[in-house]
Amino acid sequence: DIVHCHTWYTYFAGCLIQKMTGVPLVITAHSLEPLRPWKKEQLGDAYNATCWLEKTALSNADGVIAVSKAMKSDIVSIFNIDPAKVRVIYNGIDADRYKRVEQPEILRRYGVDPRKPYVLFVGRITRQKGIIHLVEAIHRLDKGVQVVLCAGTPDTDEIAREMRQRVDEAKSRSGADIVWITEWLPESELVPLYSHASLFVCPSVYEPFGIINLEAMACETPVVASATGGIKEVVKDGETGVLVPFDPLRDGGLGPRDPAKFSADLADAINSLLRSPARMDKMGAASRRRVEEFFSWKSIARQTLDFYRELAASLASRPG
């Protein structure tokens, strides 16, 4: 009845199936290639092909799902897509799988002291996730705070080398306890890391949605995040965390216009929350409530099914 594709990896197949069978094509865009120019470092000239695939599929789709209002605006403006064709349906999370647990032994396994506060980052080592800016902020953090970086799978050898160099510099400049976990962690170990963290940090320079913030929020952990993209629709500033002002470069979004200021602002936001445990507890409880109310899979599945039915009905009623 419907062919539904997610990201450019599947768009070519989706377009073929649409043309060969006549069924409606639905595209869920989780990110947009023109807004990720750093992918050219990773893909070389193949980046031109991914951009073409994305443009072609979005133009041919019968319906497009954007994972945030910010992404809908980008889709409409960049690809000149009819706004009526684009439906905003957020990503979701299984709140039964992601919930607060007490498992300090998992922390000790990775060298994290459960008796000390720590801030947590989870994500790939890529320009998009902004991890370098967080590492640059470490020397500004209050003494006694641990920094846990669950960061692996670097996009390129170049950014892997840069990451190692910046972490070494951060250790020497600050003397902070930095725990860098490079291997992929299963959900059973990520959930305790989210749960015991004082706060979660998402310094992304481009993030259409940011499901990692939901994972942390579901575990009752407040979030310090960049005020960019879909993050602003997930994290409620002052209620479930703190949004850090983000002024992007105007040449394609490779990062903040003033990296030093952005790193300093990250550190200020982190320190401000760490100095107020009661405020963090209140934000953690509000985070869990927000996830349960707005980001459950049941609600999102219902919205997606409604969109399928509307598309099928509208196409069936077309002349010829």
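Strand S2 (residues 25-29) and strand S3 (residues 63-66) run parallel, joined by 4 bridges. The model is a predicted one. S2 and S3 belong to an open sheet of 4 strands in the order S1-S2-S3-S4, with parallel pairing. An open sheet of 6 strands, also with parallel pairing, follows the order S7-S6-S5-S8-S9-S10. Helices pack on strands and on each other, as set out below.

**Sheet S1-S2-S3-S4: strands and edges**

- The order of this open sheet is S1-S2-S3-S4, and its pairing is parallel.
- Strand S1 (3-6) and strand S4 (86-88) are the edge strands; each has a single partner strand, so one side of each has no neighbour in the sheet.
- On average, neighbouring strands here are turned by 25° against each other, direction ignored.
- Between S2 and S3, Val-26 has Gly-63 of S3 as its bridge partner.
- S3 and S4 run parallel and are joined by 3 bridges.
- At that pairing, Ala-66 has Val-88 of S4 as its bridge partner.
- From S3 the chain passes through H4 to S4, in a right-handed β-α-β crossover.

**Side chains of S3**

- Gly-63 and Ile-65 point one way from S3, while Val-64 and Ala-66 point the other way.
- All four of these residues, Gly-63, Val-64, Ile-65 and Ala-66, are buried.
- Two of them recur in the bridges: Gly-63 is the partner of Val-26, and Ala-66 is paired with Val-88.

**Helices on this sheet**

- Between S2 and S3 there are 4 bridges, and two helices touch both of these strands, as the next points show.
- Helix H4 (residues 69-79) packs on the sheet and touches S2, S3 and S4.
- The direction of H4 makes about 165° with that of S4.
- Helix H13 (residues 297-316) also packs on the sheet, touching S1, S2, S3 and S4.
- The direction of H13 makes about 165° with that of S3.

**Sheet S7-S6-S5-S8-S9-S10: strands and edges**

- This open sheet has 6 strands, and its pairing is parallel.
- Strand S7 (177-181) and strand S10 (241-244) stand at the edges; each has a single partner strand, so one side of each is left without a neighbour in the sheet.
- From one strand to the next, the twist averages 20°.
- Strand S5 (residues 118-124) pairs with strand S8 (residues 199-202) in the parallel sense, over 2 bridges.
- Leu-120 has Phe-200 of S8 as its bridge partner.
- S8 also pairs with strand S9 (residues 223-226), over 3 bridges and in the parallel sense.
- Here Val-201 is opposite Val-224 of S9.
- The chain goes from S8 through H9 to S9, and this β-α-β crossover is right-handed.
- S9 and S10 pair over 4 bridges, again in the parallel sense.
- Val-223 is opposite Gly-241 of S10.

**Helix H7 on this sheet**

- Helix H7 (residues 157-174) lies across strand S6 (146-152) and S7.
- H7 runs at about 160° to S7, which is an edge strand.

**Helix pair H1 and H3**

- Helix H1 (residues 11-21) packs with helix H3 (residues 46-60) at an angle of about 35°.
- The axes of H1 and H3 are 9 Å apart.
- Their crossing is left-handed.
- H1 contributes Tyr-11, Phe-12, Cys-15, Gln-18 and Lys-19 to the contact.
- H3 contributes Leu-53, Glu-54, Ala-57 and Asn-60.
- By class, the residues of this contact are 5 nonpolar, 2 polar and 2 charged.

**Helix pair H9 and H12**

- Helix H9 (residues 211-218) and helix H12 (residues 277-294) pack at an angle of about 120°.
- The axes of H9 and H12 are 7 Å apart.
- H9 passes H12 in a left-handed crossing.
- On the H9 side, the contact involves Leu-214, Met-217 and Ala-218.
- On the H12 side, Gly-284, Ser-287, Arg-288, Arg-290 and Val-291 meet them.
- This contact has 4 nonpolar, 2 polar and 2 charged residues.
- H9 also lies on the chain path from S8 to S9.

Technical notes. Residues numbered from 1 in each chain as written. Predicted model: local features only at pLDDT ≥ 70, side-chain atom pairs only at ≥ 80, totals over all residues. Heavy atoms only, no water. Pairing = 2+ DSSP bridges. Axes fitted to C-alpha atoms, helices over the stretch in contact; angles between N-to-C directions. Contact = heavy atoms within 4.5 Å. Buried < 20%, exposed > 50% of the residue type's maximum accessible area, 1.4 Å probe, protein only. Right-handed = clockwise from strand over helix to strand, strands pointing away. Left-handed = near helix turned anticlockwise from the far one by under 90°. Nonpolar A, V, L, I, M, F, W, Y, C, P; charged D, E, K, R; others polar.
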